[in-house]
Amino acid sequence: MTYVLYRHRDIPEIDQLDVYLKHGGFEAFKKVVTTMKPEEVVEEVFKSGLRGRGGAGFPTGLKWRFIDKNNWPHYVVANADESEPGTFKDREILERNPFQFYEGMMICAYAVGANAAYNYMRGEFWQLAPTLDAKIAELEKAGLLGDNLFGTNFSMRLYNQLGAGAYICGEETALLESLEGKLGQPRLRPPFPPSFGLFGKPTIVNNVETLANVPMILAKGADWYKTIGTEKSPGPKIFSLSGNVNKPGNYELPLGTTFRELIYEHGGGIPGGRKIKAILPAGASSAIIVADDKALDTPMDYESVPNVGSMLGSASVIVVDESVSMDWLVKKTLHFFKHESCGKCTPCREGTYWMTHIIDRIEAGGEDYEQVKLLYDVARNIEGKCFCALGEFSIQAVVTGIDRFPDDWKAKTKHGQRSQEAIPA
Amino acid sequence: MNNLLEKYNDEVQTILNKYPEDRKRSAVMPLLYVAQREKMYVSQADMAEVAEIIGVSPTEVASIVGFYSLYYDKPGAKFRIQVCTDLPCALRGADEFMEGLCHRLKLDPHHGGTTEDGKVTVEAVMCLAACDKAPMFQLQSGEGIVYHENQTVETAMKLVEELRNTQ
């Protein structure tokens, strides 16, 4: 196949400006700035059906339409805080195909009338920052960033910013707080960033992969883009495949590819001839899918994954084989969420704390099944009460791990009479 | 006198220029990395200097240091080996790697610790976005962060020995 996002896999050294330019780089940016109105760019992206690749799957063009034109200046912010366990797709774009991502940011800035754009990266991407800064300097020197671009009155600047280790900063309003030099804690929404964003000004926050789609859409047109993927989920998607598979890694495939194709054809199947047990399609935040034939034949797109009781999210597919027990898996996800809870709201801060205590007791062994019911009860009481989505994520593995894999929990606890009672829904 | 400003004036100005004139507070995180560079921790005096540059109270800077996990407010080892032991890495042997490395360094197998000479800390951390290349860790020092992927206890021990021999 021909890569749309990971073009470095077809074209070596596309991370060098001369190579990127030789392969049509920044032609789309020049075209939009010199021949299109901003609204026309927004409409072309809307028409393409591109949906946000960070996890929520919100239509990108619709988000751009929402920018408040009665409040200026506007900003564009790229979310490069990639921190979901199982997600490692954006780093490859930043490292190997950075100009396509920058071009996407620049087209977005033109489309929404922003003259400044910030790329907020997780602090752990430190090694990439000097190179990415140098590439901005190259763009300025080449006349692709700066004042009065291509002789028009459009001017723009790009900046990189490093975070410092906080999962919550992947939540867009927490990211904006962090970029303003504050604690990375989410804001109440609405108002959403297109009306109240960075420095209180209208802001578009898009994921790195989302933005990397944009130059190709403007270069080849929305109609071409829609030939990839499915009707409601058009385009290519990068699937980060990890866990119990022979060939973990990033796979760029059309949306709608089945789990079976990803895991068995591309990922080389399960090591040691073991059987697949479960799939977490959206990283540690996933509702866990029982990996039966129906699930394996499910297309990975925004509409189909909910049919097997989960979400596509950022498409961070963690494969779990039969050697893994769900109580251990839940212990891993809970300790992650407890550590990363920002502390702003009580259900998440206290709930994740108490859930780690209960799961550690269960894991230590010899506990009564009542502890499993208590864990489930705490999770159900967190549900729907958190300030942001990340608190809700923390209970997904707990609830579905217990509901869908009950035997694992019975095996881990004492089989008293009370343990036979069903879990209350 | 502001030591940070005096010593790194050009760098500080470059950082401040990234933000609108009246939004200098945004510079707090990049400035804290500069402040942490030499000693691998940020002292209260450093925090006060950062606060002075961006025009906020030292307490507000301290809250940033406390919130974000890559800043330290106490002296510690010069090098930190931060092993990701989250779910995807653990499915690929990260826990065993962590235990093996800590065993060789006579540290607590689950929580790690600092080597006898005080030079290297080994600790388990949360997801580092390199799940397909586990076991992996990042090496954090004042100079920055470097990823080490597809590791074995042997390759990690070799690095630890090199670090312990540096001045």
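A residue counts as buried when its relative accessible area is under 20%, exposed when over 50%, and partly exposed in between. Keep that in mind as you click around this predicted model.

**Stop 1: a salt bridge in chain A**

Select A:Arg51 and A:Glu303. They form a salt bridge, with the closest N and O atoms 2.6 Å apart. A:Arg51 has a relative accessibility of 17%, so it counts as buried. A:Glu303, at 28%, is partly exposed. Now follow the chain between them: the two are 252 residues apart, with A:Glu303 in the loop between helix H12 (293-296) and E9, and A:Arg51 in the loop between helix H3 (38-48) and helix H4 (60-65).

**Stop 2: another pair in chain A**

Next, pick A:Arg274 and A:Asp321, whose side chains meet in a salt bridge at 2.6 Å, N to O. Here 47 residues separate the partners: A:Arg274 sits in the loop between helix H11 (259-266) and strand E7 (276-284), while A:Asp321 belongs to strand E9. Which of them is buried? That's A:Asp321, with a relative accessible area of 0%. A:Arg274 is partly exposed at 33%.

Want a bigger group? Select A:Arg53, A:Lys89, A:Asp90, A:Glu209 and A:Lys237, which are linked in a network of salt bridges. Over all chains, the whole structure has 36 salt bridges. In general, side chains of opposite charge can pair when their charged atoms come close.

**Stop 3: the nonpolar cores**

Go to A:Tyr102, A:Met106 and A:Leu218. Out of the 130 residues in the largest nonpolar core, these three touch the most other members. Show helix H6 (residues 98-112) of chain A too, as this helix gives the most to the core, with 11 residues.

Now zoom in on A:Met106. What is it in contact with, leaving aside its neighbours within four places in sequence? You should find A:Phe26, A:Phe29, A:Leu139, A:Leu144, A:Leu145, A:Met156 and A:Leu158. There is also a second, separate core of 32 residues, which includes A:Val320, A:Cys345, A:Met355 and A:Val398.

**Stop 4: chain B**

Hide chain A for a moment. Chain B has eight helices and five strands, and along the sequence they run α-α-α-α-α-β-α-α-β-β-β-β-α. Its C-alpha atoms fill a box of roughly 50 × 30 × 25 Å along the principal axes. Of the 167 residues in chain B, 57% count as buried.

Select B:Glu154 and B:Arg104 for a salt bridge within this chain, the closest N and O atoms being 2.7 Å apart. This pair joins helix H8 (residues 153-165) to helix H7 (residues 94-104), and its partners are 50 residues apart. B:Arg104 is partly exposed, with a relative accessible area of 40%.

**Stop 5: where the chains meet**

Bring chain A back. How many residues of each chain are in contact with the other? The count is 57 from chain A and 40 from chain B. Together the chains bury about 3900 Å², 61% of it on carbon and sulfur atoms.

Select A:Lys332 and B:Asp95 to see a salt bridge across the interface, with its closest N and O atoms 3.0 Å apart. The two chains share two salt bridges and 23 residue pairs in polar contact. On the side of chain A that touches chain B, several elements supply at least two residues each, among them strand E2 (114-121), helix H8 (172-179) and helix H13 (326-340). H13(A) gives the largest share, eight residues. Colour that side by residue type to finish: 28 residues are nonpolar, 20 polar and nine charged.

Methods
Residues numbered from 1 in each chain as written. Chains lettered and ligands numbered in written order. Predicted model: local features only at pLDDT ≥ 70, side-chain atom pairs only at ≥ 80, totals over all residues. Heavy atoms only, no water. Contact = heavy atoms within 4.5 Å. Buried area = accessible area lost by both parts, 1.4 Å probe. Salt bridge = Lys/Arg side-chain N within 4 Å of Asp/Glu carboxyl O. Polar contact = N/O pair within 3.5 Å; in protein donor to acceptor, adjacent residues only side chain to side chain. Helix = DSSP H or I, 4+ residues; strand = E, 2+ residues; numbered from the N terminus. Nonpolar A, V, L, I, M, F, W, Y, C, P; charged D, E, K, R; others polar. Core = buried A, V, L, I, M, F, W, Y, C linked by side-chain atoms within 4.5 Å. Buried < 20%, exposed > 50% of the residue type's maximum accessible area, 1.4 Å probe, protein only.
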